[in-house]
Amino acid sequence: QVQLVESGGGLVQPGGSLRLSCAASGFTLDYYVIGWFRQAPGKEREGVSCISSSDGSTYYADSVRGRFTITRDNAKNTVYLQMNSLRPEDTAVYYCAANDRPMCGSRWYEVGSLDIWGQGTLVTVSS
């Protein structure tokens, strides 16, 4: 069964850090682009970051650039999202998603560009 499972969400104070994990099962991540998305209450799902499979190039939304870092460990079949300097506006359900292609591409942030989705993990930033 092909699936992605996110973990690492939780409650954190403003300025704090969390590391999200996205573990794949039923397939190998080596040849897949992996994206992180988030959806806050009452808002549309938005792209946060993406990592290519061919060269490891990374992409970030302007709102998280410099604070979030996406990495992949193909040996563990897992992708991570390190989130630092968290803000209340980062509160959302975070999803990882995958697609079988080499590069994220200029439209990596579009929900329709990926076709395997996890169930999401909730991140709450609050004092």
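## A buried arginine

In this predicted model, Arg 101 is buried and yet takes part in no salt bridge, since the nearest side chain of opposite charge, that of Asp 115, lies 7.1 Å away. A salt bridge would need a side-chain nitrogen of the arginine within 4 Å of a carboxyl oxygen, which is why a distance of 7.1 Å to Asp 115 does not qualify. Arg 101 belongs to the loop that runs between strand E9 (92-99) and strand E10 (116-117).

What does the side chain of Arg 101 reach at 2.6 Å? The partner is a backbone atom, namely the oxygen of Ser 113. When neighbours within four places in sequence are set aside, the residues in contact with Arg 101 are Tyr 31, Tyr 32, Val 33, Ser 53, Trp 108 and, once again, Ser 113.

## The four-stranded sheet

An open sheet is built from 4 strands, which follow one another in the order E1-E3-E8-E7 with antiparallel pairing. Strand E1 (3-7) and strand E7 (68-73) each have a single partner strand and therefore form the edges, so that one side of each has no neighbour in the sheet. From one strand to the next, the twist averages 15°.

Within this sheet, E1 and E3 are joined in the antiparallel sense by 5 bridges, and Leu 4 is placed opposite Ala 24 of E3. Strand E3 (residues 18-25) in turn pairs with strand E8 (residues 78-83), also antiparallel, over 6 bridges, and here Leu 18 has Met 83 of E8 as its bridge partner.

## Two faces of strand E1

In a regular strand the side chains alternate between the two faces of the sheet. Strand E1 shows this alternation: Leu 4 and Glu 6 point to one face and are buried, whereas Gln 3, Val 5 and Ser 7 point to the other face and are not buried.

## Strand E11 and its partners

Strand E11 (residues 121-125) likewise has a covered face, made up of Thr 121, Val 123 and Val 125, and an uncovered face that carries Leu 122 and Thr 124. Which residues of E11 stand opposite Leu 11 and Ala 92? Leu 11 stands opposite Thr 124, a residue of the uncovered face, while Ala 92 stands opposite Val 123, which belongs to the covered face.

The pairings of E11 run in opposite senses: strand E2 (residues 10-12) pairs with E11 in the parallel sense over 3 bridges, whereas E9 and E11 run antiparallel and are joined by 3 bridges.

Definitions and conventions: Residues are numbered from 1 along each chain as its sequence is written. This is a predicted model: local features need pLDDT of at least 70, side-chain atom pairs count only at pLDDT 80 or more; totals for chains, interfaces and linings use all residues. Side-chain values use heavy atoms; hydrogens and water are left out. Buried means under 20% relative accessible area, exposed over 50%, partly exposed in between (1.4 Å probe, protein chains only). Lys and Arg count as positive and Asp and Glu as negative; His and the chain ends are not counted. A polar contact is a pair of N or O atoms within 3.5 Å; within protein, one must be able to donate a hydrogen and the other to accept it, and residues adjacent in sequence count only if both atoms are side-chain atoms. Contact means heavy atoms within 4.5 Å. Two strands pair if DSSP finds at least two bridges between them. Axes are lines fitted to C-alpha atoms, for helices over the stretch in contact, and angles run from 0 to 180 degrees between N-to-C directions.
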